[in-house]
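Welcome, and thank you for taking a look at this structure. Please open the view below, and then we can walk through it together.

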Amino acid sequence: RRPLGHRSSVKQQDSMNSPRDLKAAVGGEVTFQSGTVPGLIKTVVEFGIFTAVAFFTESGPLTHFPAKDYKVFCLGCAFYFFVAYWFVMRQGTTKAALNPPEVVNSTDQVIVAKMKNIDRTVGNMLEQMPIFFLVLVPYALWVNPIRAGYLVCLYVALTILYPFLYDMGAPILFASTFPRYFIAYYMAGALMLTSLRT
């Protein structure tokens with residue numbers, strides 16, 4: 001008899017399957033659907049919304065700021081560094097130090113689910129990191145370093161939620177991901193507007 005935790009994990013994994021996965025599982029025909037246009041529409045709408053927010057919350061041209069204004073920003077970046085390495089070391093120690101290969105490569109659905117949580121936590125962080133820093137750094141340098149400090153701290157706090165919410169799936173997981181997207185959109189919009197005002 002399998003333990004209760006195993007059955008609940010299997011049910012959880014089944015619930016995370018998309019409709020196309022279920023269709024393929026029963027032998028139905030699967031067709032490719034490109035997200036190019038939907039992705040473009042989503043980006044335009046969200047960028048537009050948060051650029052509008054930035055229009056009312058940011059002012060002035062691009063400018064330089066005194067070093068003291070970067071205190072929280074620098075602390076926030078150090079906070080991000082710590083959490084990023086924590087996630088990477090969590091993945092590394094799980095796979096290379098704490099578990100033998102037969103566990104790491106196991107097909108048991110409970111273990112597979114746990115490994116997927118670990119891998120996607122790192123994957124999501126690394127996927128979003130260059131996009132985030134692409135707008136964070138110029139925003140902090142020339143638009144609003146004090147607000148940038150608080151935004152990076154908030155961003156990291158939301159990132160920490162990811163492994164705890166991952167197993168719950170959508171839409172609960174969106175509590176970690178969507179606000180981080182919105183922070184990046186806001187800074188990008190603010191950067192664009194401030195550049196146009198210069």
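How exposed is Y85, judged by its relative accessible area? The model you see is a predicted one, and in it Y85 has a relative accessible area of 49%, so Y85 counts as partly exposed. Keep this residue in mind, as it comes back below.

**The overall picture**

Let us step back for a moment. The protein chain has eight helices and zero strands. Read from the N terminus, its elements run α-α-α-α-α-α-α-α. The chain has 198 residues, and 34% of them count as buried. Its accessible surface comes to about 12100 Å², and carbon and sulfur atoms account for 70% of that area. The contacts tell something about how the chain is put together: among those between residues at least 6 apart in sequence, 80% join residues at least 24 apart.

**Aromatic rings**

The structure holds 15 aromatic pairs. One of them is formed by F81 and Y85, whose rings are tilted, with 4.9 Å from centre to centre and 35° between the planes. Both residues belong to helix α4 (residues 71–98), where they are four residues apart, about one turn of the helix. F81 has a relative accessible area of 54% and is exposed, while Y85, at 49%, is partly exposed. The cut-off explains the two labels: a residue is called exposed over 50%, so F81 gets that word and Y85 does not.

W86 and F87 make another tilted pair, with 5.3 Å between the ring centres and 45° between the planes. How do these two partners sit with respect to the surface, buried or exposed or partly exposed? W86 is partly exposed, with a relative accessible area of 39%, whereas F87 is buried, at 1% relative accessibility.

Aromatic rings also gather in a group elsewhere in the chain. F50, F174, F178, Y181 and F182 form one aromatic cluster. A member of this cluster, F178, has a charged neighbour: the charged end of K42 sits over the ring of F178, 5.4 Å from its centre. A similar arrangement involves R180, which lies over the face of Y155 at 5.7 Å from the ring centre.

**A nonpolar patch on the surface**

Now back to Y85. Which residues form a nonpolar patch on the surface together with Y85? They are F81, F82, W86, V88, M89 and F164, and with Y85 included the patch has about 790 Å² of accessible area. Helix α4 gives the most to this patch, with six residues. F164 has its place in helix α7 (residues 145–165), and F164 is exposed, with a relative accessible area of 56%.

**Salt bridges**

Charged side chains deserve a look too. Side chains of opposite charge can pair when their charged atoms come close. The count for this model comes to five salt bridges, and the table shows some of them.

| Salt bridge | N to O distance | Relative accessibility of each partner |
|---|---|---|
| K42 and E46 | 2.9 Å | K42 36%, E46 11% |
| D69 and K68 | 3.5 Å | D69 13%, K68 67% |
| D119 and K95 | 2.9 Å | D119 28%, K95 34% |

K42, which we met over the ring of F178, also forms a salt bridge with E46. K42 and E46 both lie in helix α3 (residues 36–57), four residues apart, about one turn of the helix. K42 counts as partly exposed, and E46 is buried.

In the salt bridge between D69 and K68, the two partners carry opposite labels: D69 counts as buried, and K68 is exposed.

What does the salt bridge between D119 and K95 tie together? The side chains of D119 and K95 meet at 2.9 Å, N to O. D119 lies in helix α6 (residues 109–142) and K95 in helix α4, so this pair ties together parts that are 24 residues apart in sequence. D119 counts as partly exposed, and so does K95.

Definitions and conventions
Residues numbered from 1 in each chain as written. Heavy atoms only, no water. Phe/Tyr/Trp six-rings, centres within 6.5 Å; stacked < 30°, edge-to-face > 60°. Helix = DSSP H or I, 4+ residues; strand = E, 2+ residues; numbered from the N terminus. Buried < 20%, exposed > 50% of the residue type's maximum accessible area, 1.4 Å probe, protein only. Lys NZ or Arg CZ within 6 Å of the ring centre and 35° of its normal. Patch = residues over 30% accessible without salt bridge, like charges linked within 9 Å, V, L, I, M, F, W, Y side chains within 5 Å. Areas by Shrake-Rupley, 256 points an atom, 1.4 Å probe, with all protein chains shown as cover. Salt bridge = Lys/Arg side-chain N within 4 Å of Asp/Glu carboxyl O. Contact = heavy atoms within 4.5 Å.
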